[in-house]
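Hi everyone, thanks for making time this morning. I'd like to walk you through one structure, starting with some of its cross-links and then moving to what is packed inside.

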Amino acid sequence: EPEPPAPSGAQCVEHDCFGIFWAARPFAEASAACERGGGHLMTVRSTVAEDAIALLLQNRSGRLWLGLSLPSPCTEPAQRLRGFQWVTGDSHTDYSNWAPSGRRCGERCVTVSRELRWEQGRCEEPADGFLCEYNYRGSCPSLPPAEGLPLSYATPFGARGGDFLALPPGSTAAVPALGLELRCDEDGDSGKLRWGRATPGAWPCRLANGGCEGACGEEGGRPRCACPDGKVLGPDGRGCGSPCAGAPCQHHCVVAGSTFLCMCESGYRLAADGSSCEDDDDCAVVPRLCEQVCVNTEGGFECRCHRGYEMVEGHCRPVSHCYEAPCEQRCEDVPDGYRCSCFPGYAVDPRVPARCLLHCNRSQCPAECDPHTRSCECPEGFLLDDDAGSGQVCVDIDECDMNYCQHNCTNRPGGYECRCHAGYRLLDQHHCVKTLEEDVEGAYSGDFGPQTPVPSRTPPKVEHLHPGALVGIAVGVLSAALALLALGYHVAKKRCRPPATMDYKCSGPHEKEMGLQPVTSACAT
């Protein structure tokens with residue numbers, strides 16, 4: 001490949017450099033020459049690029065290729081770029097400066113002259129020269145002029161001269177009077193582009209302050225750099241940086257004048273080497289740091305509790321047995337356990353102490369209703385009163401109307417109580433038997449007491465008497481009937497006609513108990 005040609009002139013701005021080449025080439029050859037130098041034909045997207053062209057031309061006549069070519073068969077005069085495309089593959093621009101022309105077809109490329117107007121032409125016909133563009137990540141400003149110290153710059157794309165406004169990375173500045181050559185390169189600490197050299201230390205102070213970031217002074221004819229308080233010279237002997245830059249401190253570095261000190265975070269102490277940090281055993285350093293148990297951790301500590309206790313807001317509290325209790329509504333801690341209780345209107349279910357059932361000790365109570373389903377519940381022994389209007393009132397069931405008791409019945413809220421006549425006692429919850437003479441005198445006829453079921457129990461069903469009890473009752477009734485029969489026969493013999501045959505009938509509440517009752521005949525009148 002041929003070497004890229006050297007530009008006849010060049011100019012740079014912050015990130016871009018432009019070179020002018022006076023060589024008659026067709027468009028394709030000019031584009032290839034720019035690419036060999038690391039750039040491409042110039043794109044003029046703003047007035048900044050146009051100003052660079054005016055500076056490079058300096059009133060010289062001739063046509064120069066720009067980086068515009070026509071990819072479509074014909075031009076489009078209504079568009080800003082008239083259908084042309086930049087050599088970078090896009091059509092973006094904020095600027096155009098076309099010379100008047102109509103619609104053109106065929107292979108077309110664009111040139112610019114000293115009038116700065118863009119003109120269309122045939123790509124295969126050579127122009128008088130071409131403009132190349134080079135893009136960089138930044139630039140170094142030109143060195144300030146110093147009396148008696150002429151400068152000569154050289155760019156990476158081959159341009160040379162002494163009147164550049166900015167220089168791209170890799171450019172050099174030669175100072176023959178000092179035998180000095182500087183290079184535009186990245187600073188090791190900041191990463192910014194600046195002029196420097198491989199040899200550390202300052203160069204003569206009259207040229208760009210000797211390259212010093214701080215002050216430049218010459219003692220005994222030898223230039224030296226100095227930094228302000230709190231900063232020290234960097235490895236190149238020209239830049240200034242913090243004393244902590246590159247310090248070996250494990251945790252924190254603190255500037256102390258022109259040196260530094262290492263410090264550790266809380267819970268650590270500085271090791272003997274002055275830079276490493278070691279963990280402090282906080283549990284050993286501070287007595288009674290925790291209420292019960294202290295566990296040292298890396299850089300701190302952790303408080304814990306003994307078994308049976310738990311941490312609550314930084315304090316150890318006994319673990320509540322209610323956390324795992326199955327109580328349905330309420331729970332209270334008691335020694336070595338817990339006790340379930342219920343909200344008002346509920347009572348503990350004696351069969352399942354963890355459950356709560358509706359309970360009422362009055363004859364009328366409000367019902368428990370679900371606002372979503374509108375279904376209501378009543379305690380055991382109560383029913384919803386359909387005549388209450390709202391349907392949310394529970395009324396007590398009168399179990400005495402159901403003839404559960406053999407003799408007397410007393411209704412209670414949610415239950416009832418069976419009692420026996422004088423001379424009888426309760427055999428079970430509902431039935432009475434005659435009190436024998438050997439029973440204790442004065443025994444209460446209702447030994448079973450009130451039958452008020454707990455809220456979870458429903459009124460029991462009527463039970464049949466044991467067959468033995470029925471036989472005993474039948475024998476007693478038969479004996480009494482025979483005695484009365486004999487007495488009646490004796491009286492009737494004297495006063496009435498002979499009695500008719502004695503009849504018997506069966507009776508009992510709801511036919512749940514069987515008994516014989518005599519039916520006596522009337523006396524003849």
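**Disulfides and cores**

Let's begin with Cys212 and Cys225, which are joined in a disulfide with their sulfur atoms 1.8 Å apart. Please keep in mind that this is a predicted model. The torsion about that S-S bond is -75°, and the link of Cys212 and Cys225 is left-handed. Cys212 sits in the loop between S15 and strand S16 (215–219), while Cys225 belongs to strand S17 (residues 222–226), so the bond ties together parts 13 residues apart in sequence. Are these two buried or exposed? Cys212 has 8% relative accessibility and counts as buried, and Cys225 is buried too, with a relative accessible area of 9%.

On to another pair. Cys305 is joined to Cys316, S to S 2.1 Å. Here the torsion is about -90°, so this disulfide of Cys305 and Cys316 is left-handed. Cys305 lies in the loop between strand S25 (300–304) and strand S26 (309–312), and Cys316 in strand S27 (residues 315–318), so the parts they tie together are 11 residues apart in sequence. Cys316, at 5% relative accessibility, is buried.

Now for a pair that spans a longer stretch of chain. The sulfur atoms of Cys34 and Cys132 are 1.8 Å apart, and the two form a disulfide. With a torsion of about -80° around the S-S bond, the Cys34 and Cys132 disulfide is left-handed. Which elements does this pair connect? Cys34 is in helix H1 and Cys132 in strand S8, so the bond ties together parts 98 residues apart in sequence. Cys34 is buried at 0% relative accessibility, and Cys132 is buried at 1%. The full count, by the distance rule, comes to 23 disulfides.

So much for the cross-links; what about the packing? The largest nonpolar core has 36 residues, and Trp65, Phe130, Tyr153 and Trp195 touch the most other members. Among the elements that give two or more residues to this core are helix H1 (27–36), strand S8 (129–135) and strand S15 (193–196). H1 gives the most, with four residues. This core draws at least three residues from each of domain 1 (9–135) and domain 2 (152–241).

Take Tyr153 as a close-up. Leaving aside neighbours within four places in sequence, Tyr153 is in contact with residues including Leu143, Phe164, Leu167 and Trp195. There is also a second, separate core of 23 residues, which includes Ala52, Ile53, Leu57 and Trp98.

That's my tour, and I'm happy to take questions.

Technical notes
Residues are numbered from 1 along each chain as its sequence is written. This is a predicted model: local features need pLDDT of at least 70, side-chain atom pairs count only at pLDDT 80 or more; totals for chains, interfaces and linings use all residues. Side-chain values use heavy atoms; hydrogens and water are left out. A nonpolar core is a set of buried Ala, Val, Leu, Ile, Met, Phe, Trp, Tyr and Cys residues joined through side-chain atoms within 4.5 Å. Buried means under 20% relative accessible area, exposed over 50%, partly exposed in between (1.4 Å probe, protein chains only). Domain bounds come from an automatic or database domain assignment. Contact means heavy atoms within 4.5 Å. A disulfide is a pair of cysteine sulfur atoms within 2.5 Å.
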